[in-house]
Amino acid sequence: MRVQPPRRRCSDTAPLLVLALFVLLGPAALVAQSPSPPDSAALVEAAREAQRDFERFRQHNIPRDRAPRAGRCDRLIGRMCIWFGGEGEANFPPEPEETGKMRRSLIGTLLRARHEIADPWVVGQLVHYMVEAGEYDAAEQVSEVCGIEAQWWCTALTGYSLHVRGDVVAAEAAFRGSLAMMPTDERERWATSRYVLSEEGVEMFQTLEPSARERLHELFWRLSDPLFLVDGNDRLTDHFARLVEARNHVDAAHPHGLEWGVDLQETLIRYGRIVGWSRGSSPVAPQLGSRRLPQDNRGLVGHHHPMSRGYLFPEAFLESPADIPPESWISAPREARTWYAPPYAPDMRALETQVGRFRRGDGMLVVGAYRPARPADDDGTAGAPVEAGLFLVPEDGRPLRAERGDVAEGVFALRAPPGRYVSSLEVLDPDGRRAWRARQGVRQDPLAPGEVDVSDLLILSPDAPFPGTLEEAIPRVRPGIEVGRGERFTVVWEAYGLEVREPVQVTLGFTRGRLGFLERVGEFLGIIEPDRPVEVSFAETAPDEVESVFRAMVIELPDIDPGEYTLHLRLGTSGGEGVTTSRPVIVVEQP
């Protein structure tokens, strides 16, 4: 992704080079001096001037990129033109060696100022540029002994350097410690998720009581964690790191050469840290739709990670996460409101899955079959060590439940109390820095006396023997919902709450389209006219002294065109309205 200011701004004159020795001082030398020397204001102003000199030097020495540049904006935020450049986005030229030398000179100047005074701006800039230079140990040392009154800012700077280093667990602990020390108004700003949410989403947060707002904020970021297989929530720490960087840019020169404003802040918080700079070789006046924007003759372009995607949990489902349909929140770059690339797996792909819920006493059993989806030219992960897992994240904030393994394709079965959850099936290839995942809502309410319920439908693999119990069927659950045109396959389910010798009418329906759950139920029940569903019905009787019934059935699809369909099952009893369950099915041509 690239970020470019479309409006023209006059260039500053080239700065004078100021050489300074880069010395990493020990903790004793970094302790704040108290009281501050009388010329502290002059020291801060000198540090500000050195920072401005560096950014002017950086700007004038940004190398040219010979690659063609987009002429249209995918999105416009104030003065910033944003577009997604694809995988070629990583091919920007390296930073000149002279810029690195000037950064070290600036760090030396900031270190000397820090030795004399304890100023929040100086400490923030020092950590910022040390992190930019990869001097993580020194940055953490400065933030840990920064000595300013606003200790929350020191701790946030520690979290920032830890996150960029890649120590997510420690970074999350530091950021949470910072939140606990923040003044109320500052904490509320950090907890509203401004910019990453829509205006409606921000308003929803602001209408809540503080305690409810914090609970929803915690749930939102918990469900936005890219992989539960990896310790810590790196999407959350990356968001906090963006907030720290945005604060450091206030009252400071910026590589774009623009005064820091709301548009630059929103761009940073939504799309993340810039990983490189280039100058277009042939500037083009950018467009947004048919609108021609003012041209920036400097052609400055800030680059983001080329594999950035949208990982945030959709705010539309925040009030009921357990109702979210399968795989609804890894968004393509142009569709996503905010972007991110997990460093351990920037290549995140879809996972073929089939997830089903079954009752077990007062609890539930969640079965998840999975297989990584691979393009035709993929060399696969044969022989490569992988990590895999099935996770259930409760809506109410309780600890998540997990079942882990080490095979790239298989079936998990995980028990949990009844309730409302988001499930996540995940596979991670650490060596290849890629992963696969699929998420969806899972919920189960307690079964009241006299009620009848039916489990989810599960489709078994083509070679599966006909099962007599769910336990026999589980290892044979098909990873994914694709079936071949004209294929014969086995479907399994369970019914609950049937009375002894109660007559039951089972109807299996097949309709075109992959609709929402309520629409599927309505269509099957005749509330919405279906497109000539194919049905097969039979009557059976509940066994003596059994409240749970397992059933399996072999069906053969009619001669239909490939595409998306829905398989429905309706369980009707003489004493009630009956219950319905559905399973999306994708029909493909037989190989």
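Is R103 buried or exposed? In this predicted model, R103 has a relative accessibility of 5%, so R103 counts as buried. Its side chain meets that of E95 in a salt bridge, with 2.6 Å from N to O. The partner sits in another setting: E95 has 40% relative accessibility and therefore counts as partly exposed. If you have the model open, this pair is a good place to start, and we will come back to charged pairs after a look at the helices and the sheet.

Let us turn to helix α8, which spans residues 184–191 and has E186, W190 and A191 as its buried residues. Around the helix axis these residues cover an arc of only 130°, which means that they lie on the same side of α8. What do the buried residues of α8 pack against? Their neighbours are the helices α6 (151–165), α7 (168–181), α9 (199–206), α10 (210–223) and α11 (234–249). Following α8 you will find S193, a residue with a positive phi, near 55°.

One of those neighbours, α10, also has a charged link to α8. E188 and R213 form a salt bridge in which the closest N and O atoms are 3.8 Å apart. Because E188 belongs to helix α8 and R213 to helix α10, the pair ties together parts that are 25 residues apart in sequence. The two ends are not alike in accessibility: E188 is partly exposed at 35%, while R213 is buried, with a relative accessible area of 10%.

From α10 we can step over to the strands. This helix lies across β11 (387–394), β14 and β15, and runs at about 160° to β11. These strands belong to an open sheet of 7 strands with mixed pairing, in the order β12-β11-β14-β15-β9-β10-β13. Which strands stand at the edges? They are β12 (401–405) and β13 (410–416); each has a single partner strand, so one side of each is left without a neighbour in the sheet. From one strand to the next, the twist averages 20°.

Within that sheet, take a look at β14 (residues 419–429) and β15 (residues 434–444). Strands of a sheet pair through backbone hydrogen bonds, in either a parallel or an antiparallel way. Here β14 and β15 pair in the antiparallel sense, over 11 bridges. To find your place along the pair, look for S424, which stands opposite R439 in β15.

Strand β14 brings us back to salt bridges. R420 forms one with E395, and their closest N and O atoms are 3.0 Å apart. Since E395 lies in the loop between β11 and β12 and R420 in strand β14, this pair ties together parts that are 25 residues apart in sequence. R420 is partly exposed, with a relative accessible area of 26%. Elsewhere, salt bridges that share partners join E45, E49, R52, D53 and R56 into one network. How many salt bridges are there in the whole structure? A search finds 38.

Our last stop is D263, placed in helix α12 (residues 262–271). Its relative accessibility is 10%, so D263 counts as buried. The side chains of D263 and R79 are joined by a polar contact of 2.6 Å. Apart from neighbours within four places in sequence, D263 is in contact with I77, G78, R79 and M80.

How values were computed: Residues are numbered from 1 along each chain as its sequence is written. This is a predicted model: local features need pLDDT of at least 70, side-chain atom pairs count only at pLDDT 80 or more; totals for chains, interfaces and linings use all residues. Side-chain values use heavy atoms; hydrogens and water are left out. Buried means under 20% relative accessible area, exposed over 50%, partly exposed in between (1.4 Å probe, protein chains only). Helices (H or I, at least four residues) and strands (E, at least two) are DSSP runs, numbered from the N terminus. The arc is that of the directions from the helix axis to the C-beta atoms. Contact means heavy atoms within 4.5 Å. Two strands pair if DSSP finds at least two bridges between them. Axes are lines fitted to C-alpha atoms, for helices over the stretch in contact, and angles run from 0 to 180 degrees between N-to-C directions. A salt bridge is a side-chain nitrogen of Lys or Arg within 4 Å of a carboxyl oxygen of Asp or Glu. A polar contact is a pair of N or O atoms within 3.5 Å; within protein, one must be able to donate a hydrogen and the other to accept it, and residues adjacent in sequence count only if both atoms are side-chain atoms.
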